Amino acid sequence: MKQLIDPFGRKIEYLRISVTDRCDLRCSYCMSEDVEFLPRQDILSFEEILRLAKSFAQLGVSKIRITGGEPLMRKKLPELIASIKAIEGIKEVVITTNGTLLTQYAKPLYEAGLSRLNISLDTLIPERFQQLTRRDRLQAVLDGIAEAKKYPFDSIKLNAVVMKGMNDDEIIALTDYAIDNDIDITFIEEMPLGEVGYDRSVTFLSSADIKAVIEEKYPLKASSYKTGGPAVYSSIEDQKTRIGFISPHSNNFCSDCNRVRITAVGRLLLCLGNENSQDLRTIMRAGCSDEKLTQHLISALQLKPEKHDFNLAEEVQILRFMSHTGG
Ligand code: SAM
Ligand code: SF4
């Protein structure tokens, strides 16, 4: 079988697909309040997404993450997930969601064959949730987590972006919440994606700082647990909950990068922190054959840079928001 291997010898086995740029929240670090969404005809259709997923599977991709925007805003998402899961070679389909619609979708997602859920949750304080996301939806997320826990997914994990002066006083509360719910939690350093109206170098908190706060209550032990993503895990004695850290600034994880992304408009992004990309939608809509499409994927991989270069001291370097990229 042909394999996707980049110029630095890294094998690509993990594809993240953004199925929409739309979202029911407006997290301040991710989008502006008056964000303009893309015209619907620009967004990949289910057929186009499936065609790409098949081509990638034929080149050795075995894990697909569905993301956005808010992926559950896309109508009939469980049907798409079931179709992706049925592709030969795809072992895992997972999702990153803000959780607001899980009371409605946890069951159909489980029945569609979804293996794992990452649910974003940065605060447990309703007023702060409203401030951070510009929407009053904390209870919907908490209800969504409770609903998801009713189904035997392989894992449910929380993702929390920690920002100094905004939610860093909730590191322990979020950890306690994960422990009480028997689920894992990953703390993420904020990335400089898109202009958000505040100075990210002021809000930046490193994974080491976050870890130090947790260790005041829970001594952590390094863990060899891996999910195929960039998180590095620690365990807490006598607890099932694992604590992950994603450290794009303080611990560059590019050397073992095994993933690429497809944006909602079908741009193949080779790296989160870099603009190198290939417009797959135009290629597909021009009537390209499956064989040619595969060739395009193989040659696009030659554009994958060795590493990202986030630098908080400089002006915003990556103009696209995470919601456009598919986080
Ligand atoms: N809407 C879904 C959600 O919030 O989980 C999926 C898409 S969202 C863009 C994916 C993840 O990216 C979320 O966990 C979010 O917190 C994270 N994210 C967005 N902007 C970010 C930034 N500038 N730095 C770090 N993480 C960011
Ligand atoms: Fe929406 Fe997720 Fe971005 Fe928040 S982080 S605005 S939930 S896409």
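**Exercise 1. Is Gly-229 buried or exposed in this predicted model?**

Start by finding the residue: Gly-229 sits in the loop that runs between strand 7 (220–222) and strand 8. Next, take its relative accessibility, which comes to 13%. The cut-off for buried is under 20%, so Gly-229 counts as buried. To finish, look across to Ile-246. The two are 17 residues apart in sequence, and their C-alpha atoms are 9.1 Å apart in space.

**Exercise 2. Work out where Gly-244 is found and whether Gly-244 is buried or exposed.**

Step one: Gly-244 is found in strand 9, whose residue range is 242–246. Step two: the relative accessibility of Gly-244 is 0%. That is under the 20% cut-off, so Gly-244 is buried. Step three: pick out Thr-186 and check the spacing. Gly-244 and Thr-186 are 58 residues apart in sequence, with 4.0 Å between their C-alpha atoms.

**Exercise 3. Asp-182 and Asp-238 each have a positive phi. Find the phi, the loop and the exposure of each residue.**

Begin with the background: most residues other than glycine have a negative phi. Now take the two residues in turn.

- Asp-182: phi is about 60°, and this is not a glycine. The residue lies in the loop between helix 6 (171–180) and strand 6 (184–189). Its relative accessible area is 46%, so call it partly exposed.
- Asp-238: phi is about 65°, again in a residue that is not a glycine. Its loop is the one between strand 8 (232–236) and strand 9 (242–246). With 77% relative accessibility, Asp-238 counts as exposed.

**Exercise 4. Describe the largest pocket: what is its volume, and which residues line it?**

First the volume: it is about 250 Å³. Then walk along the lining. One stretch includes Lys-149, Tyr-151, Phe-153, Asp-154, Ser-155 and Ile-156. Further along the chain come Asn-181, Asp-182, Ile-183 and Asp-184, and the list ends with Lys-240 and Arg-242. Sort the lining by type and you get four nonpolar, two polar and six charged residues. You've already met one of them, Asp-182, as a residue with positive phi.

**Exercise 5. Phe-153 lines the largest pocket. Where in the chain does Phe-153 lie, and is it buried or exposed?**

Place it first: Phe-153 is in the loop between helix 5 (138–148) and strand 5 (155–162). Its relative accessible area is 10%, so Phe-153 is buried. Over in space, Gly-113 has its C-alpha 9.0 Å from that of Phe-153, although they are 40 residues apart in sequence. Last step, the rings: Phe-153 forms one aromatic cluster together with Tyr-110 and Tyr-151. Searching the whole structure turns up four aromatic pairs.

**Exercise 6. Which charged residues lie over the faces of Tyr-14 and Tyr-225?**

Take Tyr-14 first: Lys-63 lies over its face, 4.3 Å from the ring centre. For Tyr-225, the partner is Arg-242, at 3.5 Å from the ring centre. Arg-242 also turns up in the lining of the largest pocket.

**Exercise 7. Which residues surround ligand 2, and how do they divide by type?**

List the shell: Cys-23, Leu-25, Cys-27, Cys-30, Met-31, Gly-69 and Asn-98. Then classify: five are nonpolar, two are polar and none is charged. The three cysteines, Leu-25 and Met-31 are the nonpolar ones, while Gly-69 and Asn-98 are polar.

**Exercise 8. Locate Gly-89 and say how exposed it is.**

Gly-89 is found in the loop between helix 2 (77–85) and strand 3 (92–97). At a relative accessible area of 42%, Gly-89 is partly exposed. For a spacing check, use Val-61: the C-alpha atoms of Gly-89 and Val-61 are separated by 7.4 Å, with the residues 28 apart along the chain.

Technical notes: Residues numbered from 1 in each chain as written. Chains lettered and ligands numbered in written order. Predicted model: local features only at pLDDT ≥ 70, side-chain atom pairs only at ≥ 80, totals over all residues. Heavy atoms only, no water. Near = heavy atom within 4 Å. Phe/Tyr/Trp six-rings, centres within 6.5 Å; stacked < 30°, edge-to-face > 60°. Lys NZ or Arg CZ within 6 Å of the ring centre and 35° of its normal. 1 Å grid on protein atoms, 1.4 Å probe; cavity = no way out; pocket = protein on both sides within 12 Å on 5 of 7 lines; lining within 4 Å. Points joined across faces, edges and corners; volume = space filled by probe spheres on them. Helix = DSSP H or I, 4+ residues; strand = E, 2+ residues; numbered from the N terminus. Buried < 20%, exposed > 50% of the residue type's maximum accessible area, 1.4 Å probe, protein only.
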